[in-house]
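This report covers helix packing, nonpolar cores and aromatic pairs. The model is a predicted one.

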Amino acid sequence: VTMARRKKSPSAPDTPGEQIAKQILDNYDLKNAQDVQDVMKQIFGPIFESMLKGEMENHLGYEKHGRSEGSNNSRNGYSKKTLKTSLGKVPIRVPRDREGSFEPQVVKKHQTDVSSIEGKVLAMYARGMSQRDIASTIEDIYGFQMSHEQISHITDCVMDEVNQWRTRPLRPFYPFAFVDCIYVSMRTERGVQQAAVYVMLAYDTNGCRDVLGLWINETESKHTWMQIFDELKSRGLQDLGFLSMDGVSGLEEGAKAIFPNVVVQRCIVHLIRNSIRYIPRKKWSAFTKQLKEVYGAVNVEAARHAFARFKQDWKDYPGAIAVWEGNFRHVEQLFNYGSAVRKIMYTTNAIESVNASFRKVTKKGSFPNEDAVFKVFYLRIKELYQKWGTRKVANWAMVRNQLFIDDRMADLMAKYDRDF
């Protein structure tokens, strides 16, 4: 016989949280959200004090008014302390012992901040807020002040983490990598100058994203890029499959000097942007439509025929034609690979979305030095890591299959892919 389950009274609190809530409602006349906040602030102090008293009992080995055998240590009143909490300032009394050997853990000696404010400051800094704005926000929300020096100290503590991240070991092989740069304003002895920050994004053999590094250089040259790629090699990178870029000066030569087998791919989207500057605006739609017949052809022969027609139809715009004639080999090499692989390698849009995240924090003024740039960008990258998680690039299973069609990539995948 199955007995019906007895229904609980809807008014009976089930969980500890509901029991506490009922006690609060029974003892306080709450009218609005502010009243709730005020009550929580009042409760914070007694909760901390009760925990500290428990720690003191454990330290002495006996309860209040009791007596310990074999020890002369005892309670010695209380000291006052004001805590900074997420609800504002909360005064508490901290128990003392006569020998001064009590080391509280819930609120350590000399600790006054239990609001996890460091994390909040870093989050605001990562979003491009100035020290003045951060200080004002902290005071408005939490009711206590932070000096510019305190905020600067918190953000400076990130630099050790930044330097470790910039020199961390890398995987030996990435099938796809993307390079792009973003310009930031930086204060120098010569005034405010534009500095190029180079960013490299990569996909590993599992289709997961990673930002390999950040570099600031005043010049673009083969020598500069050789230094960057040599640094990547010293961090453990042995081979690259494809490197997509926006015609950065010296990059292709620098990459192939260190990674001879890499296939460097010009971004087709950037070539379109470069060539459309020579076309009247009213003809942009027709121009881009016919270009798509070239790089979107079914095979390389069809692409070559489409390109011949394109050059004939747009011969009145030699500047636009020259852009594509000088880079047509980058179109032809796309057809050495399957459509899923082409879709990844033909554009640097993947890394431009990373730079779009950086631009949110570069609009509010100039940076005082390179470290300030690295700090802000690194904090943004940490947010991107949280957003990406372990999610793979879309359609990665098909991409993996098509990589094995190419002999070069099949050898590299077999050499480095542990799941192969």
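**Helix 11**

Helix 11 runs over residues 300-313. Its 14 residues reach 20 Å from the first C-alpha to the last, close to the 20 Å expected at 1.5 Å a residue. Four of its residues are listed as buried: Ala-303, Ala-306, Phe-307 and Phe-310. They sit on the same side of helix 11, because they cover an arc of only 105° around the axis. An α-helix has 3.6 residues a turn, so residues three or four places apart point the same way.

What covers this buried side? The cover of the buried residues includes helix 10 (284-295), helix 12 (318-325) and helix 13. At the start of helix 11 there is also a polar contact: a side-chain oxygen of Asn-299 comes to within 3.2 Å of the backbone nitrogen of Glu-301.

**A buried histidine in helix 13**

Helix 13 spans residues 328-332 and holds His-330. Is His-330 buried or exposed? It is buried, because its relative accessibility is 1%, and the cut-off for buried is under 20%. The side chain of His-330 reaches the backbone oxygen of Val-264 at 3.4 Å. Leaving out residues up to four places away in sequence, His-330 touches Glu-252, Val-264, Gln-265 and Arg-266.

**Nonpolar cores**

The largest nonpolar core has 72 residues. Those with the most contacts inside it are Phe-176, Leu-214, Phe-242, Phe-287, Phe-310, Trp-324 and Phe-377. Which helix gives the most to this core? Helix 16 (residues 370-388) does, with 10 residues.

Phe-377 has contacts with Ile-182, Val-184, Val-197, Leu-214, Phe-358 and Thr-362, again not counting residues up to four places away in sequence. Another core lies apart from the largest one. It has 26 residues, among them Tyr-174, Cys-181, Phe-229 and Val-262.

**Aromatic pairs**

The structure holds 19 aromatic pairs. Two of them are set out below.

| Pair | Centre to centre | Angle between planes | Type |
|---|---|---|---|
| Trp-225 and Phe-229 | 5.8 Å | 35° | tilted |
| Phe-307 and Phe-310 | 6.1 Å | 15° | stacked |

The Phe-307 and Phe-310 pair counts as stacked because its planes are at 15°, and the cut-off for stacked is under 30 degrees. Trp-225 and Phe-229 are both in helix 7 (residues 222-234). They are four residues apart, so about one helical turn separates them. Both are buried.

Phe-307 and Phe-310 both lie in helix 11, three residues apart, about one turn of the helix. Both of these residues are buried too. Phe-310 also appears among the residues with the most contacts inside the largest core.

Ring pairs also build a cluster. It links Phe-176, Phe-178, Tyr-203, Phe-242, Tyr-337 and Trp-396.

**Helix 17**

Trp-396 leads from that cluster to helix 17, residues 396-403. The buried residues here are Trp-396, Val-399, Arg-400, Gln-402 and Leu-403. They lie on the same side of helix 17, because their arc around the axis is only 165°. The face turned away from this buried side carries the exposed residues Ala-397 and Asn-401.

Which elements do the buried residues of helix 17 pack against? The partners are strand 3 (173-188), strand 4 (191-203), strand 6 (239-245), helix 14 (339-345) and helix 18 (407-416).

Key:
Residues are numbered from 1 along each chain as its sequence is written. This is a predicted model: local features need pLDDT of at least 70, side-chain atom pairs count only at pLDDT 80 or more; totals for chains, interfaces and linings use all residues. Side-chain values use heavy atoms; hydrogens and water are left out. Helices (H or I, at least four residues) and strands (E, at least two) are DSSP runs, numbered from the N terminus. Buried means under 20% relative accessible area, exposed over 50%, partly exposed in between (1.4 Å probe, protein chains only). A polar contact is a pair of N or O atoms within 3.5 Å; within protein, one must be able to donate a hydrogen and the other to accept it, and residues adjacent in sequence count only if both atoms are side-chain atoms. Contact means heavy atoms within 4.5 Å. A nonpolar core is a set of buried Ala, Val, Leu, Ile, Met, Phe, Trp, Tyr and Cys residues joined through side-chain atoms within 4.5 Å. The expected span of a helix is 1.5 Å times one less than its number of residues. The arc is that of the directions from the helix axis to the C-beta atoms. Rings of Phe, Tyr and Trp (its six-membered ring) pair if their centres lie within 6.5 Å; planes under 30 degrees apart count as stacked, over 60 as edge-to-face and the rest as tilted.
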